[in-house]
Amino acid sequence: MFKNINGISVGFIFLIQVIFASDVYQSVRVFNPTSETLEIVGKAGIPLDHISGKKGYFIDVTSTEDQTIFLISHGINIEILIPNMTQHYRKRNIPSSSREFPLGSMMGNYTLDELNDRFDELQAAYPEIISERVILGQSVEGRDIWAFKVSDNPEEDEDEPEVLFTSLTHAREPVGMMNLIYFVQLLGENYGTDSELTFLVNEREIWFIPIVNPDGYVYNETIQPSGGGMHRKNRLDTNCGNDTGRGVDLNRNYSYGWGANNTGSSPDPCSAVYRGDSAFSEPETQSVRDFVIDHEFMNVMHYHTYTNVYIHAFGDASLPDEPDLTTHRDIGNEMARYNGYPVGTGFELIGYTVNGDAVDWSFGDQELVAFTPEVGSYSQGFWPSEDDILSLCEDQVHPNKIFSFVAGADLILVEAEFGQNFYYAGNDFELEFEIQNRGLTDLNQEIQIEILPLNDWAIIPQSNYVINGLNARESGEINVGVSLAIDAQNGFFTGLIVSIESPGTFTRQDTINILIGEPEILFFDGFENGISNWYVTGDWGLTTDASTGDYAMSDSPNGDYDEGQESVAEIEIELNLSNLSIPTVTFTAFWDIESNWDFVRFQADVDGLGWVSLAGNFTESGSGQPAQPIDEPGYDGLQEDWVSETVDLDQLDNSQISGFRFIQTSDNYVGGNGFTVDNFTISGFQLGTMGDFNFDNSVNIYDVLGIADLMLFGGDANSSQLEFCDFNENGILDLDDLLSILNLIIGQI
Ligand SMILES: [Zn+2]
């Protein structure tokens with residue numbers, strides 16, 4: 001019903017605007033996106049590389065007013081979400097000033113002149129690591145396309161792995177360039193102090209092409225001097241007038257798969273995805289091509305905005321062969337460790353195909369590991385608010401570092417395999433360590449692995465191990481023997497510090513924790529006796545789809561969860577976390593929840609705070625959509641098989657907890673099989689039992705002997721021992737306290 005009403009208002013809006021404005025860009029929701037619909041969207045010349053939506057229901061695209069009219073006149077059911085995007089970007093812009101990182105005058109982004117000034121400034125400040133400009137060629141309108149290098153001895157071509165970053169291929173995507181300048185400034189400021197950044201400068205040649213499409217960018221400056229310009233292509237005169245219709249889409253002009261079909265690019269010179277007369281017809285793409293061919297890059301990142309994803313080849317939806325696919329996914333997932341960007345082909349992530357783009361050529365033709373990051377969320381769009389720029393730049397620091405590391409050999413501890421979850425004092429056992437060269441360059445040097453104990457409770461018979469080199473992406477294993485000391489205390493961790501070292505690689509250190517003693521099960525519910533422990537709303541109930549036993553609990557035991565609802569399964573449990581060491585909730589679960597739109601969160605009812613969402617090993621951050629509160633941890637997407645989830649309650653510090661709940665939230669449109677949980681367990685080590693001198697979770701004769709020992713042979717009790725054994729509170733442990741413990745033990749019998 002509402003769609004029809006919108007259909008009427010749509011017509012009204014466009015009538016007014018078509019009279020007063022030209023080249024107005026809109027955010028438009030296209031309903032029922034069948035292949036026929038998408039063909040018309042493509043024919044309208046609307047790029048499909050920045051869409052969001054709901055599979056089968058709608059997609060949201062950026063179109064000019066004329067393109068919107070085209071859609072309406074072809075009977076496409078649409079709703080205009082934002083009638084004028086430039087106005088929208090300007091209206092919501094919140095200024096920001098940052099002395100540490102000076103922003104530019106176009107909603108925080110540098111104009112071309114400001115970029116030039118900023119570069120000169122940085123180059124003058126750090127000439128020992130930033131090269132002069134290298135001119136690669138000239139744009140259609142004769143502007144320089146330039147690159148520069150960050151490395152020690154920047155004017156020399158040293159024998160170091162090379163990596164390339166490019167940005168502003170599309171003229172309305174300036175945050176790609178901002179993030180690179182931010183990264184360069186960081187490299188300059190921290191060279192000599194930060195060990196990772198110093199290593200990268202010394203051992204890599206990091207190249208940047210900050211602006212592939214200067215003409216398009218200057219055109220945006222001309223039409224919207226304070227930001228918000230929506231021109232995408234270069235400025236070749238393609239007989240489409242002077243406005244944003246003119247030009248070639250540089251990211252459809254590369255040779256790999258060029259012009260393979262008319263959906264991934266367009267032969268229409270006025271389309272936003274016009275691929276040009278022939279592959280590499282444009283001086284801008286020629287400049288990038290020649291520069292790449294001239295160098296020995298291992299990997300290249302072509303920055304775009306927006307959608308918060310890392311896209312790799314291929315644009316036609318086919319996948320790279322192994323091991324290249326795994327290489328891209330591993331590196332991409334490591335880049336996304338903190339920003340959570342999904343990694344995949346454009347088709348997997350957004351549902352569109354392209355041909356002739358830079359990533360396909362870089363990988364398919366030049367055999368480089370290559371990504372297109374699309375930086376920023378759908379709501380941030382092409383021109384995020386100025387006060388978002390800095391955090392968008394910061395989000396890419398880790399990815400840029402990782403991408404630079406992997407250009408060379410890069411050693412990491414991938415995995416430490418434990419035989420069991422915990423060990424007892426006095427145990428001897430072996431841990432298997434997998435060490436990988438996750439980088440793209442072979443390493444022919446000896447790799448030294450040194451293992452040190454985290455504290456006195458771990459004893460390591462052999463602390464030095466050697467692996468004789470690892471080729472790119474190859475792994476090696478070592479087995480490390482460990483003994484736990486007799487006096488290792490239950491309820492605490494010991495561990496190993498593992499450092500991995502080889503000439504020319506960055507030395508990394510990891511800490512492996514080893515849990516001492518068996519945690520006490522404080523609560524367990526396997527749902528074998530129903531769900532009477534739980535207060536539920538909505539459809540939460542028993543299911544026979546169990547992980548162990550006959551039953552588990554599900555938010556929708558009889559099919560899919562409902563649209564547009566909130567339902568809970570809640571349990572009252574009093575827990576004082578200050579009395580527990582290593583308090584942990586574990587459960588087994590599987591789920592099918594619409595990604596980015598619907599959610600299941602696991603929460604604790606915390607004194608003074610209310611319900612707090614808890615992070616576990618499998619949680620993702622909320623997307624900000626109505627049913628996914630932004631940045632709150634929760635479960636979505638598809639987890640087909642049962643997994644064991646662990647939620648560390650130390651994230652709540654020493655709070656008092658009065659309950660837990662699973663809360664399911666969904667928006668309209670799409671449902672799913674939902675969330676199923678089994679073997680809900682709360683465990684930990686009770687701290688501070690009065691009389692427990694040796695902290696083994698029980699009060700017995702050993703505690704008496706411990707105190708007697710102390711009294712007979714001297715020595716000081718530690719503060720915890722005093723707290724829990726000094727019954728007469730005189731500040732020392734004496735006969736009086738010993739008798740109190742004996743009484744306690746006799747009382748227990
Ligand atoms: Zn782009």
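What span should the 12 residues of helix α10 (residues 324-335) have at 1.5 Å a residue, and how far apart are its end C-alpha atoms? In this predicted model, the expected span is 16 Å, and the end C-alpha atoms of α10 lie 16 Å apart, in agreement with that expectation.

Within α10, the buried residues are His328, Ile331, Gly332 and Met335. These residues lie on the same side of α10, because the arc that they cover around the axis is only 100°. In an α-helix there are 3.6 residues a turn, so residues three or four places apart point the same way. The elements covering the buried residues of α10 include the strands β10 (309-311), β11 (343-344) and β12 (369-374), together with helix α14 (397-405).

The packing of α10 with α14 was examined further. The two axes come within 8 Å and cross at roughly 145°. Ile331, Glu334 and Met335 form the α10 part of this contact, whereas α14 contributes His398, Pro399, Ile402 and Phe403. Classified by residue type, the contact comprises 5 nonpolar, 1 polar and 1 charged residues.

At the level of the whole chain, the division is into domain 1 (2-83), domain 2 (112-405), domain 3 (411-516), domain 4 (521-686) and domain 5 (701-748). The centres of domain 1 and domain 4, taken over C-alpha atoms, are separated by 39 Å.

A further site is Asp650, located in the loop that connects β31 (637-648) and β32 (656-665). Asp650 counts as partly exposed because it has 13 C-beta neighbours inside 10 Å. Although Asp650 and Ser581 are 69 residues apart in sequence, their C-alpha atoms are 8.5 Å apart in space.

Definitions and conventions
Residues are numbered from 1 along each chain as its sequence is written. This is a predicted model: local features need pLDDT of at least 70, side-chain atom pairs count only at pLDDT 80 or more; totals for chains, interfaces and linings use all residues. Helices (H or I, at least four residues) and strands (E, at least two) are DSSP runs, numbered from the N terminus. The expected span of a helix is 1.5 Å times one less than its number of residues. A residue is buried if 20 or more other C-beta atoms lie within 10 Å of its own, exposed if 12 or fewer, and partly exposed in between; C-beta atoms are placed from the backbone. The arc is that of the directions from the helix axis to the C-beta atoms. Two residues are in contact if their C-beta atoms, placed from the backbone, lie within 7 Å. Axes are lines fitted to C-alpha atoms, for helices over the stretch in contact, and angles run from 0 to 180 degrees between N-to-C directions. Ala, Val, Leu, Ile, Met, Phe, Trp, Tyr, Cys and Pro count as nonpolar, Asp, Glu, Lys and Arg as charged, and the others, Gly among them, as polar. Domain bounds come from an automatic or database domain assignment.
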